[in-house]
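Trainee: I should like a close look at a single part of this model, namely the surroundings of its ligands. Please also comment on any unusual backbone angles.

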Amino acid sequence: MNLEELRRINARCIHCRACQYAYSDEPDREGMDETYTGMMQGCPAGLYYGWEGYFNSGKQWMARAFLNGELEASKEFLEVVEACTTCGMCETQCPNYIDTVHVTEALRAAIIEAGVEPLSKHKGMGDRVAIEDMRNPYGEPREERIKWLGENKDVVDKPDTKIAYYVGCTAAYRQQQISEHTFSILKKLGVDFTVLSDEVCCGSPILRTGQRDGFKVVMKKNLELFKDFDLVLFSCAGCYKTFRNDYPEHSGEPLPFKVRHAVEYAYDLIQEGKLPIKGSYNKKVTWHDPCHSIRHVGIAIEKEILSKSKNWLHDSRAADKAKQEHYELPRIVLSHIPGLEQVEMYRNRGDSFCCGAGGGVKAQFPDMALFASKERLKEAAATGAEVLMTSCPFCVTNFNDGINALKKEEEETGKDLSDQGSKLVVVELLELLDELM
Ligand code: SF4
Ligand code: SF4
């Protein structure tokens, strides 16, 4: 939807600012610092910049002012609106069910459509995705997209299989260990699947940053490529959310295939008694919910139920229950691993604090991304866990960047920053599953 189409939704904002706070069901828990009081400010942008305009509550009002012609499109305006990870924490909290991230993304697009250039790093990503020989935000050659497969080219472009693995740009070019572990897991399970040599960027980085024309081009290409499959699997939280939530909305059609993130697929296999775990993992682990595959999908499940409801009050409970069940999936997978002890962070599930990398922030506002990473690491360290586990390439990178910054600070100052998370080890769940299978 464009901003004009979201006018009525945006008009529901009463500027109550409830969306600034994340809640915890453990209000008396001690740790981290004195801010543990049952609810904490949970917006990475608002916390970092400390000004109302960066919180969602401010953005909703700026969107309204823009719609009413009271605020003009400008580079400065776009810079404020782009400094948001689109994490959806605010959307979870809003008592008026405002689609906050939709409004923010539509506002970005509207400012750009009004003639303002995308911000430099975002424009670079958009330009590279637009080049036919690249079609990825990293500017890598398109013909090298399946290079990570090495000798395993037998899975490429198989004509008769009904299951496809959509690799995504980050696992194809930057974090090949994620695609390699996913490939290995599927092989160990004996799944008949294929990887398409012609897949292109899902479009997430350019959709989030307001570059909708380019997004529509890659969305159409992917929908055409995958239309005859029964199931498409994902190892990237961002790609998954984009296919699952954004493609139906922007194409106006339901997806012609089923989609599952690899963690959900592991959950499905556990339910069927088909996930063979051979070893054990005797470590204390805290799970970080990736915003894209957990919170955004949970919110979408809830809203999909409510959109069909004839008795909204009655169905809102069932919708919330379905959302909460989605938040449990990774926890059920972890509980299936012998020896693994789970401890929750203060803000978890829908209330999770973002890693700081999403929405184009990591590229354009690296200091804010690092701030958010450190904030979350501090929260993880307060649980006493030795491992911070997640399943998203961007979360893994940004947490590792945070830990490296803490280690550097330790070296320079001689201080022990283990209470800030300097000793945490970040583990991608797919890597662990592959090792234990
Ligand atoms: S978006 Fe929702 S929670 Fe946030 S200020 Fe507006 S009405 Fe309140
Ligand atoms: S989406 Fe996340 S970063 Fe953006 S305003 Fe909402 S809580 Fe803040």
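Mentor: One term is needed beforehand: a residue is buried if 20 or more other C-beta atoms lie within 10 Å of its own, exposed if 12 or fewer, and partly exposed in between. Please bear in mind that the model is predicted.

Ligand 1 is surrounded by 15 residues, and C13, C16, C19, S57 and C94 are the closest. Helix 3, residues 56–67, supplies the largest share of this shell, with 3 residues. Sorted by class, the shell around ligand 1 holds 7 nonpolar residues, 7 polar residues and 1 charged residue.

Around ligand 2 there are 16 residues, of which C43, N56, C84, C87 and C90 come nearest. Two or more residues of that shell come from each of helix 2 (44–49), helix 5 (89–93) and helix 6 (100–113). Helix 2 gives the most, namely 3 residues. In the shell around ligand 2, 10 residues are nonpolar, 6 are polar and none is charged.

As to the backbone, most residues other than glycine have a negative phi. Y97, although not a glycine, has a positive phi of about 50°. Y97 is located in the loop that runs between helix 5 and helix 6. Because 15 other C-beta atoms lie within 10 Å, Y97 is partly exposed.

D157 is another residue other than glycine with a positive phi, near 50°. D157 belongs to the loop between helix 7 (120–130) and strand 3 (163–166). With 13 other C-beta atoms within 10 Å, D157 is therefore partly exposed.

Definitions and conventions:
Residues are numbered from 1 along each chain as its sequence is written. Chains are lettered from A and ligands numbered from 1 in the order in which they are written. This is a predicted model: local features need pLDDT of at least 70, side-chain atom pairs count only at pLDDT 80 or more; totals for chains, interfaces and linings use all residues. A residue is near a molecule or strand if its C-beta atom, placed from the backbone, lies within 6 Å of it. Helices (H or I, at least four residues) and strands (E, at least two) are DSSP runs, numbered from the N terminus. Ala, Val, Leu, Ile, Met, Phe, Trp, Tyr, Cys and Pro count as nonpolar, Asp, Glu, Lys and Arg as charged, and the others, Gly among them, as polar.
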